[in-house]
Amino acid sequence: MTTDRPDAVAPDRADFAVRVDGVTKTFGTVHALDDVSFQVRRGTIHALVGENGSGKSTLTKVIAGAHAPDSGTVTLDGELLEDLTPRDALRKGVRVIYQDFALFPNMTVADNIGFDGGVNPAGLVPRGKNIARTRSALETLGLTISPSTVLGSLSTAERQLVAIARAVSADGRIILMDEPTAALTQKEIDAFLGTVRHLASQGLSFVFISHKLREVVEVADDVTIIRDGKVVESGPAANFDQERISNLMTGSAVSNVRRESAWEVTEKPLLSARQMRLGSVFADVDLELHAGRVHGLSGLVGCGKIEIGLALAGLIPIDQGRIELDGAPLREARSERTIQYVPDDRLTEGLMLNWSIADNIAMNSLDQTTGRGGLQSVPKLGELGTRWKERLRIKTPTVAAPVSALSGGNQQRVLLSRMLAPQPRVLILNNPTVGVDVGSRAEIHDLVRSVADDGTAVLLISDEPAELMSICDDIAFVVDGRITARHAADEIDEERIIDINGQGKAA
Amino acid sequence: MIEARLGPRAHIVLLGALVVVLAGTLSALAPSTFPTMRNMQSMMGQIAPLAILAICIGITFLIGGIDLSIVAVANCAAITAALVGEAMGPDAGALGIMAAAGSALVIGLLAGLTNGFLIATLRVHPIPITLGTMSVFIGISTGITNGATVFGNGYMSGLSTATVVLMPMTFVVFLVLLALCTGITLKTRTGFHMYALGESDKVARYSRLPVTRTIVMTYAASGVLAAIAGLIMFSSTNAANVSFASSYLMQAILIAVVAGIDPYGGTGRLWAILLGAAAMQMLQTGINMSLGSWSGSAFASNFIWGVLLIAVLGLSKWLSTRKHRTREAEVEEKLEEAEAVGSA
């Protein structure tokens, strides 16, 4: 694969498809990007790697014109663009493929690919032209999908490819991809990366965001590593191996901590699921959560692991099977206060952003803010908030401040405080460190371990192998809604987790 | 601590100022008729049923909904009271009053529960749902009365003529209900759940708050309050008809908005409905005084309500955005200071 890569010699300025110079971007007190410079050579694949919250997404948004930088410049295709708008970026051929694809599942492939191609003067959608365009775009990618297929009936990998076909057909020349392989199995990833390589050799330029380091090393021409909003290292992929990237990403600060204080498995599980089934989402799910132990749930994006967590919290119904708490059937899981669920999208599912920190923390434990005569008391609300602010070291001058003023890590602490305040016996966490800085992440991991040490049964649903390794005692793997493998955490490592998930059905 | 739920204080200050200015102006313009005990009592009596309907709008606004069926429910309750009173006969006495009022309240409760269950279970926006139930309630009332006005036998009139501490009884009923609702929303868990649901029903659901129960309870309360408003209207006219008080819906919405209760939910102080209702009644009195002889005065007041509604919505949005920004900026400043101190 190395033969068709362009030479790594420094090309002149015009040969950069994207050139970012000295860009700084702050959100409130948070330096999302700090004097970042970054170049993508034409016709190459440039991997952008970093931990959650390191600034990767912000950088792609700056290139796409979605965020105006506070200072610094963006040059696209050799043209310096002042006040880059999303429209300018589109005109210069920049296309962003987001993790959730932003496609319309109810429409056909042709409609999805052609919908931004404009309309004819009568305002009608040129259906015939769209189909022709779609056919040629799919051919470019070597795909054999019919343009009239409804998108929803395609596999995740095929949808990912349709998203790329759309970008290519709409004259995309600089394609930014955010975690494009998160939902793909290893076989699909191989085919997908092959297609990307093929397109790059035809002159398209790619920015490839990923934290699957193996892919990065395999496919990228150049690698840029970003940490806490700063570029720590950038250069040809040949200069890096997985370990070096990993060290640079984390700043070598994170040693591979593992949980060593797990309680013994008790005879009776605290919370158990027996033969749970929900439509085509998950089936035959058996899970046992034991006091003092952290159980991990791993799997590709969209495999059903999140829905299993939601079902245990009573947030979605199940068709079959049963949930038992202390051995007794649990009918109304949703109103069971001893179970608490932490959603992963804290901005829309977790927090009332305008509300004060205290209001947000107290939400699930209003019995603790009851004052005289059984009435809610504002001073007690403040006390509860302050107690948790100190306990979880939330960085804020006062708990009366709105949550929206906090950084991602501190917002996440507010959310965790809310779920810990009612002293749950079972805690279900869904990707608890998404968009959180490295320091907060380590602290949140410590917190989850100590919560488990106190005898809480924890279910950790995570997309990140490192996180699973750092917290869990046992890990179950979910493929297409079924648990296909179970391992004790000390039997396996991060690589093995990626392998098991990547194998898909075969596992 | 709970400012985000209460909304900007500047709104209340402005509203209070508006009430004072209106009272001052009207007193100056008509010193012999406006600032008199008689006029005050008459204004209180007039505004009471409308102000109670504004509480219905207020509590449903708080949870991010709206109840458009309130006037229909009020009329339905009034008609029920009239018919039950008639059936009990003129000699039923206290028992007759209790039966009539009780059946009206039950009708209100049933109507509210219907709204609540439909909204909570179908999860459709409350505007189409309550528009639908409004038509249903009007249809039922029309069917029962054939669209004719039904009259009572006067046994309820005591409600509208009695006074308590110089205030009409009906106004005192409003004050008690308002105090009760304010207390519930600000001082109980259910109230917290109402605010939470209005601020973001998604977050409330993920936080596993009792969302369905809160919705059903709020609309049930709205139905009962509307029935009380209907009883008050019935007591003062001794008559009930499906088409009575048709302008009250918009005016009740206006009072709730003027009082600073966010139609998107999650923000507002219910007690400010008292100020909103006062401003509303005085404006109405002012319009009547200045345009009373003009044949188009009714339309003029509609026009003024419309302008006022839009202006207050704009102002209130601007105030709360500004307030939120300053609160955020304060925190950031303090954090930066703390960091500067820490690193020094």
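A residue counts as buried when its relative accessible area is under 20%, as exposed when that figure is over 50%, and as partly exposed in between, using a 1.4 Å probe and protein chains only. What you're looking at is a predicted model, where local features need pLDDT of at least 70, side-chain atom pairs count only at pLDDT 80 or more, and totals for chains, interfaces and linings use all residues. Residues are numbered from 1 along each chain as its sequence is written, chains are lettered from A and ligands numbered from 1 in the order in which they are written, and side-chain values use heavy atoms, with hydrogens and water left out.

Let's put that first term to work in chain B. Helix α9(B) covers residues 189-199, and 8 of its 11 residues are buried. Among them are B:F192, B:M194, B:Y195 and B:L197. (Helices, H or I with at least four residues, and strands, E with at least two, are DSSP runs numbered from the N terminus.)

Now for the cores. A nonpolar core is a set of buried Ala, Val, Leu, Ile, Met, Phe, Trp, Tyr and Cys residues joined through side-chain atoms within 4.5 Å. The largest one here has 132 residues, and B:I55, B:I57, B:I70 and B:I273 have the most contacts inside it. Its top contributor is helix α3 (residues 37-62) of chain B, which gives 13 residues. Chain A joins in too: domain 3 (254-338 + 424-507) and domain 4 (348-419) each supply at least three residues. Those domain bounds come from an automatic or database domain assignment.

Zoom in on B:I55. Leaving aside residues up to four places away in sequence, B:I55 touches B:F174, B:L177, B:L178, B:C181, B:L225 and B:I273, where contact means heavy atoms within 4.5 Å. Apart from the largest core lies another, of 33 residues, including A:I97 and A:L204.

Over in chain A, find the open sheet of 6 strands, in the order β16-β17-β18-β13-β19-β20, with mixed pairing. Two strands pair if DSSP finds at least two bridges between them. At the edges sit β16 (339-342) and β20 (482-488) of chain A, each pairing on one side only. From one strand to the next, the twist averages 20 degrees. Strand β19(A), residues 474-479, runs antiparallel to β20(A), with 6 bridges between them. In this pair, A:V478 stands opposite A:I483.

Helix α16 (residues 494-503) of chain A packs on this sheet, touching β13, β19 and β20 of chain A, and its direction makes about 25 degrees with that of β19(A). Axes are lines fitted to C-alpha atoms, for helices over the stretch in contact, and angles run from 0 to 180 degrees between N-to-C directions.
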